[in-house]
Amino acid sequence: LKAIGKGAFYTCGSLALMELPGDLESIGEDAFGYCPRLQLSSLPGKISSLGEKSFRNCSGLTEMDLSGCKDLNAIPNELFYTVRCCFSPHHRYRRL
């Protein structure tokens, strides 16, 4: 699996713990939008593209480590839209 498309898991309220495949390269817009139970702590190192609001309203996210994503050139402004996270050095987000 190289990509998770736009809205792939949109509004999957029961989606909780998930391990993403190591060869995943992109996550589309709103791919995990409104998945409030989703818990991820990091993304695979091959990620090079993240869509707008990929993790919109994923209130279960408390921390996201993107430091292993060496090919990630841009982080969308609203990647964690409505999720209380903050950005700190080395692409690590933490819940406020």
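**Salt bridges and a small set of strands**

Mentor: In this predicted model, D30 forms a salt bridge with R56, the closest N and O atoms being 2.5 Å apart, where a salt bridge is a side-chain nitrogen of Lys or Arg within 4 Å of a carboxyl oxygen of Asp or Glu. Residues are numbered from 1 along each chain as its sequence is written, and local features need pLDDT of at least 70, while side-chain atom pairs count only at pLDDT 80 or more and totals for chains, interfaces and linings use all residues. Side-chain values use heavy atoms, with hydrogens and water left out.

Trainee: Are D30 and R56 buried or exposed?

Mentor: Buried means under 20% relative accessible area, exposed over 50%, and partly exposed in between, with a 1.4 Å probe and protein chains only. By that rule, D30 and R56 are both buried.

Trainee: Which residue forms a salt bridge with E25?

Mentor: Side chains of opposite charge can pair when their charged atoms come close. E25 is partly exposed, at 33% relative accessible area, and its partner is also partly exposed, at 46%. The closest N and O atoms of this pair are 3.8 Å apart, and the partner of E25 is K2.

Trainee: In which order do the three strands of the open sheet stand?

Mentor: Strands are DSSP runs of E with at least two residues, numbered from the N terminus, and two strands pair if DSSP finds at least two bridges between them. The edge strands, β1 (3-4) and β3 (49-50), each pair on one side only, and β2 (residues 26-27) pairs with β3 in the parallel sense over two bridges. The order is therefore β1-β2-β3.

Notes
Helix = DSSP H or I, 4+ residues; strand = E, 2+ residues; numbered from the N terminus.
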